[in-house]
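Here are my notes for you to read alongside the model. Keep the viewer open and find each residue as it comes up.

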Amino acid sequence: MFTLSPLPEKMLSYQRKSVTPVEVIYSENKLRVLKANNLPETGKAPILMIPAMINRHYILDLNQENSLFKELSEQGFPIYLLDWGEATPEDRWQTFTDIFLRVLKRVVAKVTRDAGQKPVLFGYCMGGTMASIYLSCFPDEASGLITLTAPFDFSRAGVMALWTDKKHLKPENLVDALGNVPPEMVQNGFVSLKPAKWLRKWETAWKKQDNEKFLSAFMDLENWVNDNVPFPGGVWQEYIKWLYQDNLFFKDELMIGNHHASLKRLKCPLLVLIANEDHIVPKECAEPLYEMAGSTDKTVKYFAGGHVGIISSPKLFPELRDTISVWLTDKANVSL
Amino acid sequence: MNNKRDSLFDNFITTYFDNLWTNSGYLDLMGKNLDLFFNAKKQWNKNMENILALLQLPNQTMQQKILHSLNTLIAEYRFENEEMKERIGQLEKELKELKAKSLKTK
């Protein structure tokens, strides 16, 4: 009888299993705020995790071995995860400004009420930039900020900066024509950045396919990588124009409504986490947050690995988890 | 031997694409192609809107804007409503406590 090799068999039969038990404490439109409900409360600082809008939220709760959401909740931190949901055509009219003045404002208020104290905001990739912009507008609304591979100086964003240059890309043209940005467009963009790595990844998977543990972890990540969501057009248009093309946040010129989003206004304790081999957000693009933030208590940590590897690799993940956990515990004893 | 061959292959692919993605001539060409495609799609959308307008039917943009406004208003209403209920609940609790205290002092 014909039998498939483990890799294609796993690809055909793969179904993602939820990792951490959650309850939904708030929802609006497609967005949900999930709270880990697997452990009793300990009075530790609550954490609100904000992922990028282009990817699914579960990169932060990937599998039993690699879940920052699960691990921090097991250490007794009340932890909340923002799931942006999947944008549909009418969400094309949502704007970048709406996200800060309406959506995040409500989400942070809900989390603060639910936890009984201001949360620490944790942002991954674009989520880190968004958390920083939010706290630059409303510095009193969180007790700390952690950013993981989040871009700030967009003029040093490598190839992404070239692709989004004004000379080659008119974001308003794309949004007028297509509405939301198709997930395939973003996904193909990331794969194109390092095509050799993409080929090598599959070669390694083929070679190691008899290792059940490896295969399972590989498919968890591969499923996430290919599970992109449409980017709300209006949000993307302003994100690209204001940050990538005009670099307004870095230049200290970004206005969100009538709020000046200035990093100098940040005053909460800050932890900046940077991946040394990140080709999506090169370290020189992520470092300015640490340099420019007005916080007096700030720390920057560098890790081996790339943009996704830093959080998904079984080798790199423990160091990241421990760094965050130690920082949170230290700050909880001092000022949070 | 295999490793050396793989490494050479990877270097070739990486160098080729790194040069391509940073080549301003190529990016200009791709940018122009994208603009052409987007302009054609915009024209198509506009023609469809005109046809629907002739038939006195709402077009996609109108429907999307209405739905987006509804979503925004519902989100704001539900949030404010829940907040208000929570505040009323808290005030009622405080009132009960005050009443209990005043009964004790009496």
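**Notes on the two chains**

1. Let's start with a small detail of the backbone: N247(A), just after α10(A), takes a positive phi of about 50°. Keep in mind throughout that this is a predicted model.

2. Now look at that helix itself. α10 of chain A covers residues 233-245, and 11 of its 13 residues are buried, so the helix is largely enclosed by the rest of the structure. Among the buried ones are G233(A), G234(A), W236(A), Y239(A), W242(A) and Y244(A). What covers the buried residues of α10(A)? The cover includes α3, α5 (159-163) and α6 (171-178) of chain A.

3. Step back along the chain from α10(A) and you meet F231(A), which sits in the loop between α9 (212-225) and α10 of chain A. Is F231(A) buried or exposed? It counts as buried, because it has 27 C-beta neighbours inside 10 Å, and the cut-off for buried is 20 or more.

4. Who are the partners of F231(A)? Leaving out residues up to four places away in sequence, F231(A) touches M53(A), I54(A), A87(A), N180(A), V181(A), V186(A) and W236(A). W236(A) is one of the buried residues of α10(A). Try N180(A) in the viewer too: it is 51 residues from F231(A) along the chain, yet their C-alpha atoms are separated by 5.6 Å.

5. On to the nonpolar core. The largest one has 101 residues, and those with the most contacts inside it are I47(A), L48(A), M49(A) and L145(A). Helix α3 of chain A, residues 96-115, gives the most to this core, with nine residues. As background, nonpolar side chains in soluble globular proteins tend to be buried together.

6. Pick L48(A) as an example. Not counting residues up to four places away in sequence, L48(A) touches Y80(A), L82(A), V108(A), V111(A), P119(A), L121(A) and F122(A).

7. For a strand pair, go to β1 (residues 22-28) and β2 (residues 31-36) of chain A. They run antiparallel and are joined by six bridges. S27(A) stands opposite R32(A) in β2(A). The hairpin of β1(A) and β2(A) has two residues between the strands, and N29(A) takes a positive phi near 50° there.

8. Zoom out to the whole of chain A, which has 14 helices and 10 strands. Its C-alpha atoms fill a box of roughly 70 × 50 × 35 Å along the principal axes. Why call chain A compact? A compact globule of 336 residues would have a radius of gyration near 20 Å, and chain A agrees with that because its own value is 19 Å. Buried residues make up 47% of chain A. Of the contacts in chain A with a separation of 6 or more, 79% are between residues 24 or more positions apart.

9. Chain B is divided into domain 1 (1-57) and domain 2 (58-106). The centres of these two domains, taken over C-alpha atoms, are separated by 47 Å.

10. Last, the place where the chains touch. How many residues does the contact take from each chain? It takes 23 residues from chain B and 24 residues from chain A. On the chain B side, the elements giving two or more residues are α1 (2-21), α2 (24-54) and α3 (60-105). α3(B) gives the most, with nine residues. The chain B side divides into nine nonpolar, six polar and eight charged residues.

Conventions: Residues numbered from 1 in each chain as written. Chains lettered and ligands numbered in written order. Predicted model: local features only at pLDDT ≥ 70, side-chain atom pairs only at ≥ 80, totals over all residues. Contact = placed C-beta atoms within 7 Å. Helix = DSSP H or I, 4+ residues; strand = E, 2+ residues; numbered from the N terminus. Nonpolar A, V, L, I, M, F, W, Y, C, P; charged D, E, K, R; others polar. Core = buried A, V, L, I, M, F, W, Y, C linked by C-beta atoms within 7 Å. Buried ≥ 20, exposed ≤ 12 C-beta atoms within 10 Å, placed from the backbone. Domains from an automatic or database assignment. Rg over C-alpha atoms; globule rule 2.2 N^0.38 Å. Pairing = 2+ DSSP bridges.
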